[in-house]
Amino acid sequence: METEISSISKELLQRSINAEKLRYCYGCGTCTASCPVAKVIPENFNPRGLLQKIFFDLSKTLTEDELWLCAWCYTCYERCPQELKTTEIFLLTRNLAVERGYFPRQPTALIKQILRSGRTLEITPARDKRRIALGLPEIGETVSEQALKEIKTITEKSETWRVRE
Ligand code: SF4
Ligand code: SF4
């Protein structure tokens, strides 16, 4: 069943991505040349290339890790001479990927950890023992029950539950 979120994403994506708009991109490369992520990992991320992939082979691009490397700094969005909404397109495409069940491994593990303990870092009994030995207070394996309940509510409302499976 299509959720409210998925229909909103699709509508926005269709508005942002269409063949007519792609013709406006004349491959000047300003987006890639301005991108801080592409500067650090040019072999893995290229916004101009990613935009082309989204337009020409959306289904395949939804499964690719490159989609998750944009840091949302909006530099390309600001500088594109053709005013293509690059950052928004990347964001909407990510939404669509999640709706189709594609989610990169690392954030999935992190979300599972947060759902389990309320923390991004696992605090094992051994870690607590080391803390005690250093004269530091125990942290415990999870945050408070109340905090976990709130995290669960946020997770369900935001549909993050999709990555639990
Ligand atoms: S800056 Fe805009 S016009 Fe230039 S390559 Fe990137 S998307 Fe295309
Ligand atoms: S918004 Fe993303 S793709 Fe654009 S310049 Fe910033 S990190 Fe690069």
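**Two ligand shells and a helical core**

The shell around ligand 2 divides into 10 nonpolar residues, 4 polar residues and no charged ones. In this predicted model, 14 residues surround ligand 2, and the closest are Cys 35, Pro 47, Cys 70, Cys 73 and Cys 76. Helix H4 (36-40), helix H7 (75-79) and H8 each contribute at least two residues to the shell around ligand 2.

Ligand 1 has a shell of its own to explore. Of the 14 residues around ligand 1, those that come nearest are Cys 25, Cys 28, Thr 30, Cys 31 and Cys 80. By class, this shell holds 8 nonpolar, 5 polar and 1 charged residues. Helix H3 (30-34) and H5 are elements that each supply at least two residues of the shell around ligand 1.

A step back to the whole chain helps to place these shells. The secondary structure of the protein chain comes to 11 helices and 0 strands, so that a reader following the sequence meets the pattern α-α-α-α-α-α-α-α-α-α-α. Buried residues account for 15% of the 165 residues in the protein chain. Among the contacts in the chain with a separation of 6 or more, 65% join residues 24 or more positions apart.

How much confidence does the predictor attach to the chain? The mean pLDDT of the protein chain is 83, and 82% of its residues reach 70 or more. Residues 1-5 are a stretch where pLDDT stays under 50, and for this stretch the model has 3 contacts beyond four places in sequence. Where pLDDT is low, the predicted coordinates should not be read in detail.

Pro 47, one of the closest residues to ligand 2, is a good place to begin a look at the interior. Pro 47 sits in helix H5 and counts as buried because 27 C-beta neighbours lie inside 10 Å, where 20 or more are needed. Neighbours within four places in sequence aside, Pro 47 is in contact with Cys 31, Thr 32, Cys 35, Ala 38, Cys 70, Cys 76 and Thr 86. Two of these partners, Cys 31 and Cys 70, also appear elsewhere in this account: Cys 31 is among the residues that come nearest to ligand 1, and Cys 70 is among the closest to ligand 2. Pro 47 and Leu 69 stand 22 residues apart in sequence, with their C-alpha atoms 9.5 Å apart in space.

Cys 70 in turn leads to the core. Not counting residues up to four places away in sequence, Cys 70 touches Val 37, Pro 47, Thr 87 and Phe 90. In soluble globular proteins, nonpolar side chains tend to be buried together. Here, the largest nonpolar core has 10 residues, namely Leu 50, Leu 51, Ile 54, Leu 67, Cys 70, Ile 89, Phe 90, Leu 92, Leu 96 and Ala 97. Helix H5 (47-56) and helix H8 (86-99) are the elements that give two or more residues to this core, and the largest share, 5 residues, comes from H8. Apart from this core lies another, of 6 residues, including Cys 31, Ala 38, Phe 45 and Cys 80.

What does H8 look like in its own right? The buried residues in H8 are Thr 86, Thr 87, Ile 89, Phe 90, Leu 92, Thr 93, Leu 96 and Ala 97. At 1.5 Å a residue, the 14 residues of H8 should span 20 Å, which agrees with the 20 Å between its end C-alpha atoms. Just after H8, Gly 101 takes a positive phi of about 95 degrees. Helix H9 (residues 105-117) can be read in a similar way: its 13 residues reach 19 Å from first C-alpha to last, close to the 18 Å expected at 1.5 Å a residue. Gly 118, just after H9, has a positive phi of about 85 degrees.

Most residues other than glycine have a negative phi. Against that background, Trp 72 has a positive phi, near 55 degrees, and Tyr 74 likewise has a positive value, near 70 degrees. Trp 72 lies in the loop between helix H6 (58-61) and H7, and the place of Tyr 74 is in the loop between H6 and H7 as well. Trp 72 is exposed, since 11 other C-beta atoms lie within 10 Å, whereas Tyr 74, with 13 C-beta neighbours inside 10 Å, counts as partly exposed.

Key:
Residues numbered from 1 in each chain as written. Chains lettered and ligands numbered in written order. Predicted model: local features only at pLDDT ≥ 70, side-chain atom pairs only at ≥ 80, totals over all residues. Core = buried A, V, L, I, M, F, W, Y, C linked by C-beta atoms within 7 Å. Buried ≥ 20, exposed ≤ 12 C-beta atoms within 10 Å, placed from the backbone. Helix = DSSP H or I, 4+ residues; strand = E, 2+ residues; numbered from the N terminus. Contact = placed C-beta atoms within 7 Å. Expected span 1.5 Å × (residues − 1). Near = placed C-beta within 6 Å. Nonpolar A, V, L, I, M, F, W, Y, C, P; charged D, E, K, R; others polar. pLDDT = per-residue confidence, 0-100.
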